[in-house]
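I wanted a working picture of this protein before going back to the bench. These are my notes from one pass through the coordinates.

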Amino acid sequence: MSGCLDNIQCPHYECCDTLPEKRNFIASIAAGILFFSGWWVIIDAAVIFPSQSEMNHAYHTCGVVSTVAFFMINAVSSGQVRGDSYNEGCLGQTGARIWLFIGFVLSFAGLIASMWILFEDYVIDPANQHTNAYPGVAVFLENFLIFLSGLVFKFGRTEELWE
């Protein structure tokens with residue numbers, strides 16, 4: 001009975017053989033869709049809730065910080081962080097690492113601030129002034145999708161084409 005599944009074979013698809021070659025393409029498309037979706041959600045919430053009392057316009061700052069962090073993280077290649085291809089400049093490898101660290105700190109700060117906005121103003125809401133939680137969910141979802149797009153774009157690609 002222990003060998004009953006030995007003769008079963010999974011079908012081999014030829015399209016799966018070319019996936020490693022298309023890794024950069026797929027990661028870039030996925031990151032772009034996630035980034036676009038994040039901004040689309042917050043624009044939708046801003047259009048549905050235009051008044052300051054329903055959705056504070058200062059909440060868009062979290063998305064701007066996350067977008068700046070997205071560009072900071074992806075401006076530094078892995079080779080620069082490792083020191084393989086970057087020896088010049090102001091600080092060299094150390095500067096690239098500091099830049100990447102600041103980018104990740106800003107990305108996490110935007111994500112944590114959006115969670116704070118969601119729970120403080122829309123979920124817990126002691127004054128009961130917000131009857132709809134969608135603006136808070138939209139702020140969080142925007143920052144979460146931008147955060148994911150940064151990770152997909154940074155770690156989903158291979159660096160062979162860039163070096």
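The entries below go from the overall fold to single residues.

**Entry 1. Overall fold**

I am working from a predicted model. I looked up the secondary structure and got 5 helices and 0 strands. Reading along the sequence, I wrote the pattern down as α-α-α-α-α. The protein has 163 residues, and 33% of them count as buried. I then checked how far apart in sequence the contacting residues sit. Of the contacts between residues at least 6 apart, 75% join residues at least 24 apart. For the surface, I noted about 10500 Å² exposed, with carbon and sulfur atoms supplying 67% of it.

**Entry 2. Nonpolar cores**

Which residues make up the largest nonpolar core? I listed 11 residues: Val41, Ile42, Ala45, Phe49, Met55, Tyr59, Cys62, Ile117, Tyr122, Ala138 and Val139. Three helices, α1 (23–48), α4 and α5 (134–155), each supply at least two residues of this core. Helix α1 gives the most, with 3 residues. In soluble globular proteins, nonpolar side chains tend to be buried together.

I took Ile42 as a sample from this core. Setting aside neighbours within four places in sequence, I found Ile42 in contact with Met55, His60, Ala138, Val139 and Glu142. Met55, Ala138 and Val139 are on the core list too. There is also a second, separate core of 6 residues, and I noted Val76, Val81, Ala96 and Phe104 among them.

**Entry 3. Ser66**

Is Ser66 buried or exposed? Its relative accessible area is 3%, so I put Ser66 down as buried, the cut-off being under 20%. Ser66 belongs to helix α2, which covers residues 60–74. Beyond its neighbours within four places in sequence, Ser66 touches Ser107, Gly110, Leu111, Asn143 and Ile146.

**Entry 4. Aromatic pairs**

I counted ring pairs next and got 10 aromatic pairs. I followed up Phe70 and Phe153. Their ring centres are 6.3 Å apart and the planes meet at 45 degrees, which makes the pair tilted. Phe70 sits in helix α2 and Phe153 in helix α5, so this pair ties together parts 83 residues apart in sequence. Phe70 is buried at 12% relative accessibility. Phe153 is partly exposed at 21%.

Why do I call the pair of Phe140 and Phe144 stacked? The ring centres are 5.8 Å apart and the planes lie at 15 degrees, and planes under 30 degrees apart count as stacked. Both residues are in helix α5, 4 residues apart, about one turn of the helix. I logged Phe140 as partly exposed, at 22% relative accessible area. Phe144 is also partly exposed, at 31%.

I then looked for a cluster. Phe35, Phe70, Phe71 and Phe153 form one.

**Entry 5. Phe71**

I gave Phe71 its own entry as a member of that cluster. Phe71 lies in helix α2. Its relative accessible area is 52%, and the cut-off for exposed is over 50%, so Phe71 counts as exposed. I also checked its spacing to Gly103. The two are 32 residues apart along the chain, and their C-alpha atoms are separated by 8.0 Å.

**Entry 6. Surface patch on helix α4**

Which residues form a nonpolar patch on the surface? I found Phe108, Ile112, Met115, Phe119, Val123 and Ile124. Together they have about 570 Å² of accessible area. I picked out Ile112, which lies in helix α4 (residues 93–124). Ile112 counts as exposed, at 52% relative accessibility.

**Entry 7. Ser78**

Last, I looked at Ser78, in helix α3 (residues 78–82). At 22% relative accessibility, Ser78 is partly exposed. How many residues separate Ser78 and Lys154 in sequence? The separation is 76 residues, while the C-alpha to C-alpha distance is 8.6 Å.

Key: Residues are numbered from 1 along each chain as its sequence is written. This is a predicted model: local features need pLDDT of at least 70, side-chain atom pairs count only at pLDDT 80 or more; totals for chains, interfaces and linings use all residues. Side-chain values use heavy atoms; hydrogens and water are left out. Patches are made of residues with over 30% relative accessible area and no salt bridge: like charges are joined within 9 Å, nonpolar side chains (Val, Leu, Ile, Met, Phe, Trp, Tyr) within 5 Å. Accessible areas come from the Shrake-Rupley method with a 1.4 Å probe; for residues, only the protein chains shown count as cover. A salt bridge is a side-chain nitrogen of Lys or Arg within 4 Å of a carboxyl oxygen of Asp or Glu. Buried means under 20% relative accessible area, exposed over 50%, partly exposed in between (1.4 Å probe, protein chains only). A nonpolar core is a set of buried Ala, Val, Leu, Ile, Met, Phe, Trp, Tyr and Cys residues joined through side-chain atoms within 4.5 Å. Contact means heavy atoms within 4.5 Å. Rings of Phe, Tyr and Trp (its six-membered ring) pair if their centres lie within 6.5 Å; planes under 30 degrees apart count as stacked, over 60 as edge-to-face and the rest as tilted.
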